[in-house]
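Visitor: I have a structure open and a few things to ask about it. Can we go through it piece by piece?
Guide: Go ahead.

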Amino acid sequence: MSESVSCYTVISRDAELLRWCVANARERAGIDHEFLVVGWNATEEIKDACTKLGVRLVPLDMPQPPGAGAHPEQKTAWFIGCLYACWNAGMEHATTKWVARMGSDQFFSRNWLANLMTCAKRHGDRAVYDVTTVESPVAKRSRHEVRDWGTTPKEFDEEGRQRFDSWANDLAHRFVSNPTVRGDLCDLWYNHPTRGRQRRSDGVTWLQTKALWDEFGPMNDCVIDSVSPDVDYRDHLQDAGVPSYLCLTATAMHLVRGESREVQQ
């Protein structure tokens, strides 16, 4: 396994969204990296896009969705099971020491990956590093900052990107000498379904080592006691004394639920 870093996302059929995602994440990373795409029943258009983009595709055959008459809980269980199987596959197929898990509906600040790695060098391998998240108004009751800069890649136009860059650059400038906050000390409060009110830094993208994943993964494929699989995974890390850090110099604009808006209401 190399000492390098990779990032990955999950996609199914929206090749335009994939191209937008890869372009901004790769061009703004600031360091050399590998890029991995997990293809959830990937269409031929997705396969062709990955070839042209020069990114590695891991195709994953998943069950087809329940029929139109299925109960909403059945549809949700199908979606969660498939989604987290894909998130797990990305970590399992990564071959680098460091891996950044990211969504296809995110736009990143300049040098986001380089700055995450700078934070990692400061605090070491046995920790998780979260980007600072700002979300579109599609997010309901978000604990992150919400800004109306666009809710789709097309709406998130040049003006929206400039506003985001101004916001992200200001953070990066103000906190360049002290770029991290411990997750349990940050100002992001989360109402955990079983543990109550907590300070937590976890957001839309995080960086960790593959070794840490091998120790604590994979994530569940279902919601248990109202706790989603990613929250449960981070709970296990927290319980084992693995700290998380909010990185104020690496930010992401989360447009919210790229391909899944018609699934998640």
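Visitor: Is N41 buried, partly exposed or exposed?
Guide: N41 counts as partly exposed, because its relative accessibility is 22%, and buried would need under 20%. Bear in mind that this is a predicted model.

Visitor: Where does N41 lie?
Guide: In the loop between β2 (34-40) and α2 (44-53). Its phi is near 45°, a positive value in a residue other than glycine.

Visitor: What about S226, what is its phi?
Guide: Phi of S226 is near 70°, also positive in a residue that is not glycine. S226 sits in the loop between α6 and α7.

Visitor: And is S226 buried or exposed?
Guide: Exposed: the relative accessible area of S226 is 58%, and the cut-off for exposed is over 50%.

Visitor: P218 next. Which loop holds it?
Guide: P218 is in the loop between α6 (210-216) and α7 (229-239). The peptide bond leading into P218 from G217 is cis, with omega near 0°.

Visitor: Changing topic: how many helices and strands are there in the chain?
Guide: The chain has 7 helices and 12 strands. Its radius of gyration is 18 Å, close to the 18 Å that the globule rule gives for 265 residues, so the chain is as compact as a globular protein of that length. The C-alpha atoms fill a box of roughly 55 × 40 × 40 Å along the principal axes.

Visitor: How many of the residues in β12 are buried?
Guide: 11 of 11, over residues 244-254. For the chain, buried residues make up 53% of the 265.

Visitor: Which way does β6 run against β12, parallel or antiparallel?
Guide: Parallel, with 8 bridges between β6 (residues 128-135) and β12. V134, for instance, has M253 as its bridge partner in β12.

Visitor: And β5 and β8, parallel or antiparallel to β12?
Guide: Strand β5 (residues 106-108) pairs with β12 in the antiparallel sense over 3 bridges. Strand β8 (residues 180-182) also runs antiparallel to β12, joined by 3 bridges. On the β5 side, Q106 is bridged to H254; on the β8 side, T180 is bridged to C247.

Visitor: Back to Q106. Which residue does its side chain make a polar contact with?
Guide: T205; the two side chains are joined by a polar contact of 2.5 Å. T205 lies in the loop between β10 (196-199) and β11 (206-209).

Visitor: Is T205 buried or exposed?
Guide: T205 counts as buried, because its relative accessibility is 0%.

Visitor: What else is T205 in contact with?
Guide: Leaving aside neighbours within four places in sequence, its contacts include R101, M102, G103, F108 and W112. Y129, D130 and V131 are also among them.

Visitor: What share of contacts join residues at least 24 apart in sequence?
Guide: 75%, among contacts in the chain between residues at least 6 apart.

Visitor: What pLDDT does the chain average?
Guide: The average is 94, and 95% of the residues score at least 70.

Visitor: Where does pLDDT stay under 50?
Guide: Over residues 261-265, for which the model has 10 contacts beyond four places in sequence. Where pLDDT is low, the predicted coordinates should not be read in detail.

Visitor: Last one: how much area does the chain expose?
Guide: About 12,500 Å², of which carbon and sulfur atoms supply 48%.

Notes:
Residues are numbered from 1 along each chain as its sequence is written. This is a predicted model: local features need pLDDT of at least 70, side-chain atom pairs count only at pLDDT 80 or more; totals for chains, interfaces and linings use all residues. Side-chain values use heavy atoms; hydrogens and water are left out. pLDDT is the predictor's confidence in each residue, from 0 to 100. Contact means heavy atoms within 4.5 Å. Helices (H or I, at least four residues) and strands (E, at least two) are DSSP runs, numbered from the N terminus. Buried means under 20% relative accessible area, exposed over 50%, partly exposed in between (1.4 Å probe, protein chains only). A polar contact is a pair of N or O atoms within 3.5 Å; within protein, one must be able to donate a hydrogen and the other to accept it, and residues adjacent in sequence count only if both atoms are side-chain atoms. Two strands pair if DSSP finds at least two bridges between them. The radius of gyration is taken over C-alpha atoms; the globule rule is 2.2 Å times the number of residues to the power 0.38. Accessible areas come from the Shrake-Rupley method with a 1.4 Å probe; for residues, only the protein chains shown count as cover.
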